[in-house]
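Work through the exercises below with the sequence and the structure at hand, and try each task before you read its solution.

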Amino acid sequence: MINEGERIRNQLRAIQDLRLPVDVVVADGGSTDGSVDTAFLRDVDVNALLIKRGSGRLSAQLRMAYAWALARGYEGIITVDGNGKDGVEAISRFITALDDGYDIIQGSRYKPGGEAVNTPFDRWIAGKFIHAPL
C-alpha cells in the first residue's frame with residue numbers, strides 16, 4: 001500500500017474491532033500522507049510496519065512482507081489490500097481454512113456476492129476473462 005489515507009486507517013480499525021488471533025503487519029511502499037504513522041499503528045494494535053525503500057511496487061512490497069513473515073516462522077499469511085475495498089469480515093474464515101489444512105485460499109470479486117469497486121474496464125476484462133479463468 002502507499003498513501004491510502006483514511007482507507008487503510010478505517011480498514012485497520014475494522015480488523016482491530018474483530019479481535020482476531022492474528023498479528024497485523026503493514027507492508028508500505030513509502031507512504032508520505034501520514035496514514036501509517038507509528039502512533040496510529042500502535043493504537044490499532046499493528047504488530048509491525050515494513051517499509052519498502054528500493055525499487056518496485058506492489059509485488060516488491062508483497063515479497064518483502066512474505067520474506068519477513070517466513071523468516072519469523074509464521075505458518076500462514078493472509079494478505080489484504082490496504083485500499084479499503086476488501087472486506088475484512090472474511091479473515092476469520094480464512095484463519096479457519098488455514099487451520100483446517102488448506103494451503104491457499106483466495107477471495108474473488110467474481111464469486112456470488114463479490115463486487116468490483118472502481119475497477120477500470122480494461123482491468124475488469126483482463127481479470128474476469130484472462131486471470132481468473134487461468
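**Exercise 1.** In this predicted model, find where Asp 45 lies, and decide whether Asp 45 counts as buried or exposed.

*Solution.* Start with the position: Asp 45 belongs to the loop between α2 (38-43) and β2 (46-51). Next, take its relative accessibility, which is 51%. Because exposed means over 50%, Asp 45 counts as exposed. Finally, look at the backbone: although Asp 45 is not a glycine, it has a positive phi of about 65 degrees. Most residues other than glycine have a negative phi.

**Exercise 2.** Find the loop that holds Arg 19, and then describe its phi and its accessibility.

*Solution.* The loop in question runs between α1 (5-18) and β1 (24-28), and Arg 19 is found there. The phi of Arg 19 is positive, at about 50 degrees, although Arg 19 is not a glycine. With a relative accessibility of 65%, Arg 19 counts as exposed.

**Exercise 3.** Determine whether Ser 35 is buried or exposed, and list the residues with which Ser 35 is in contact, leaving aside its neighbours within four places in sequence.

*Solution.* First, locate Ser 35 in the loop between β1 and α2. Its relative accessible area is 2%, and since buried means under 20%, Ser 35 is buried. Then turn to the contacts: leaving aside neighbours within four places in sequence, Ser 35 is in contact with Met 1, Glu 4, Gly 5, Ile 8, Arg 9 and Phe 40. As a last step, consider the side chain of Ser 35, which makes a polar contact with the side chain of Asp 33 at 2.7 Å.

Methods. Residues are numbered from 1 along each chain as its sequence is written. This is a predicted model: local features need pLDDT of at least 70, side-chain atom pairs count only at pLDDT 80 or more; totals for chains, interfaces and linings use all residues. Side-chain values use heavy atoms; hydrogens and water are left out. Helices (H or I, at least four residues) and strands (E, at least two) are DSSP runs, numbered from the N terminus. Buried means under 20% relative accessible area, exposed over 50%, partly exposed in between (1.4 Å probe, protein chains only). A polar contact is a pair of N or O atoms within 3.5 Å; within protein, one must be able to donate a hydrogen and the other to accept it, and residues adjacent in sequence count only if both atoms are side-chain atoms. Contact means heavy atoms within 4.5 Å.
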